[in-house]
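Trainee: Could we go through this structure together, step by step, and reason about what can be read from it?

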Amino acid sequence: MSMAQQAEPAVGTPPAPGPQRTDGRTSQRSLVLRLLARPEVGVFLGALAVLVFFLIAAPTVRQGSSMATVLYQSSTIGIMALPVALLMIGGEFDLSSGVSVITSALTASMLSYQLTVNVWTGIVVALILSLAIGAFNGWMVVRTGLPSFLVTLGTFLILQGANLAITKLVTGNVATDDISDMDGFEQARAIFASSFDVGGVQVKITVVWWLVFAAIATWVLWRTKYGNWIFAVGGNKDSARAVGVPVNFTKITLFMTVGFGAWFVGMHNLFSFNTVQSGEGVGQELIYIAAAVIGGCLLTGGYGSAIGPVFGAFMFGMVNQGIVYAGWNPDWFKAFLGVMLLGATLVNLWVRRTATRR
């Protein structure tokens, strides 16, 4: 028998039983990549770093009342950042969201006061108007094919001018009248602008609503067919349409969701201060978009989460109040926001490239 014939059976010999040696890099890398692929991981670490920084730099932040104020500031941004984030995942964004908040509040206030009706009448009409504005934006985008930037910029200018002009025409002033003594005010205030006690600290109800809306948005994105539609139309609307996704319906309803968020925050503003300044809201849309971007959403669509914008809004609230508690010049706030936005954008870009690297 030749040497080749003798060696031949060894080729098919099975390996010896027992654990096989591995270097562990494959399983470890896959776990890291899975974590990096989550859009909220980067912003969570960033929010944690900002919190620790201000806990050290501003000892006042450690007090319960201070943290309640931070959460309140975060919630008023976060409630709007959630629908804005969903819209961005769907491939669009809304520049009119900031002034839409004021439009909603002005509508409810002036209608209730001028017609001397229960404030709930104004609240319902304001909701209908806010949803209609969102539906108009969505309809214009899908019917004309114009970028949502142009469509909502036009809506922004229309609402900004109308807010000021109509308020002056109706009230003779740039602000609405006080509605705190009108029927239904206390009930509405309990829903939109009340506070409750937690260990001797007053916490605003908007913090609860913020977390509830975040939970609902997360469930919709990850557990419903509609959530799949959002990711599909944001990723590639032509491919989504080809597999039966109702693209137009999805986009229009996403814009209407932004309208709902604007209505809710508008009602909070109205029942917190009893009156509304018609010139407010300008620039807030950029804060909402920035919170969503910092939270891991991409301007190109098809990627993001609802949890990320929660941490993004918390970073905004933490920086906003942390600067005050630290005794720094509040004029630096916008500079901090710009650094946060650019930093988050770079981190998101790095995370995506790392997660998709083979």
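**A buried serine and its surroundings**

Mentor: Ser148 has a relative accessible area of 4%, and this is why it counts as buried. Please keep in mind throughout that we are looking at a predicted model.

Trainee: In which helix is the place of Ser148, and with which residues is Ser148 in contact, leaving aside its neighbours within four places in sequence?

Mentor: The serine belongs to helix H7, which runs over residues 148-171. Once the neighbours within four places in sequence are set aside, the residues in contact with Ser148 are Glu92, Phe93, Val141, Leu153 and Phe255.

Trainee: Glu92 is among those contacts, so which residue forms a salt bridge with Glu92, and how far apart are the closest N and O atoms?

Mentor: Side chains of opposite charge can pair when their charged atoms come close. Here the partner is Lys251, and both Lys251 and Glu92 are buried. In the salt bridge between Lys251 and Glu92, the closest N and O atoms are 2.8 Å apart.

Trainee: How many residues apart in sequence are the parts that this pair ties together?

Mentor: Lys251 forms its salt bridge with Glu92. Because Lys251 lies in helix H12 while Glu92 sits in the loop between H4 and H5, the pair ties together parts whose separation in sequence is 159 residues.

Trainee: How many salt bridges does the count come to, and which residue meets Arg241 in a salt bridge?

Mentor: The count comes to 2 salt bridges. Arg241 is partly exposed, at a relative accessible area of 42%, whereas its partner is exposed, at 53%. The two lie 3 residues apart in helix H11 (residues 237-242), which means that about one helical turn separates them. With an N to O distance of 3.8 Å, the side chain that meets Arg241 is that of Asp238.

**Two helices compared with their expected spans**

Trainee: What span should the 17 residues of helix H3 have, and how far apart are its end C-alpha atoms?

Mentor: Helix H3 covers residues 41-57, and at 1.5 Å a residue it should span 24 Å. The expected span agrees with the model, because the end C-alpha atoms of H3 are apart by 24 Å.

Trainee: Which residues of H3 are buried, and what arc do they cover around the axis?

Mentor: The buried residues of H3 are Val43, Ala47, Val50, Leu51 and Phe54. They lie on the same side of H3, because the arc they cover around the axis is only 100°.

Trainee: What covers the buried residues of H3, and which exposed residues does the face turned away from its buried side carry?

Mentor: The cover includes helix H4 (64-89), helix H13 (284-294) and helix H14 (307-325). On the face of H3 turned away from the buried side, the exposed residues are Leu45 and Ile56.

Trainee: Which residues form the nonpolar patch on the surface, and what is their accessible area together?

Mentor: The patch consists of Phe44, Leu45, Leu48, Val52 and Ile56. Val52 is found in helix H3, and it counts as partly exposed because its relative accessibility is 40%. Together the residues of the patch have an accessible area of about 470 Å².

Trainee: What span should H6 have, and against which helices do its buried residues pack?

Mentor: At 1.5 Å a residue, the 26 residues of H6 should span 38 Å, which agrees with end C-alpha atoms 37 Å apart. The buried residues of H6 include Val119, Ile123, Ile133 and Val141. The helices they pack against are H5, H7, helix H8 (185-192) and H12.

**Positive phi in two loops**

Trainee: Is Thr116 buried or exposed, and what is its phi?

Mentor: Thr116 lies in the loop between helix H5 (97-115) and helix H6 (119-144). Its relative accessibility is 64%, over the 50% cut-off, and therefore it counts as exposed. Although Thr116 is not a glycine, its phi is positive, at about 50°.

Trainee: Is Asn274 buried or exposed, and what is its phi?

Mentor: Asn274 is placed in the loop between helix H12 (247-273) and H13. Its relative accessibility is 19%, under the 20% cut-off, and therefore it counts as buried. Asn274 is a residue other than glycine with a positive phi, near 70°.

How values were computed. Residues numbered from 1 in each chain as written. Predicted model: local features only at pLDDT ≥ 70, side-chain atom pairs only at ≥ 80, totals over all residues. Heavy atoms only, no water. Expected span 1.5 Å × (residues − 1). Buried < 20%, exposed > 50% of the residue type's maximum accessible area, 1.4 Å probe, protein only. Arc of directions from axis to C-beta. Contact = heavy atoms within 4.5 Å. Patch = residues over 30% accessible without salt bridge, like charges linked within 9 Å, V, L, I, M, F, W, Y side chains within 5 Å. Areas by Shrake-Rupley, 256 points an atom, 1.4 Å probe, with all protein chains shown as cover. Salt bridge = Lys/Arg side-chain N within 4 Å of Asp/Glu carboxyl O.
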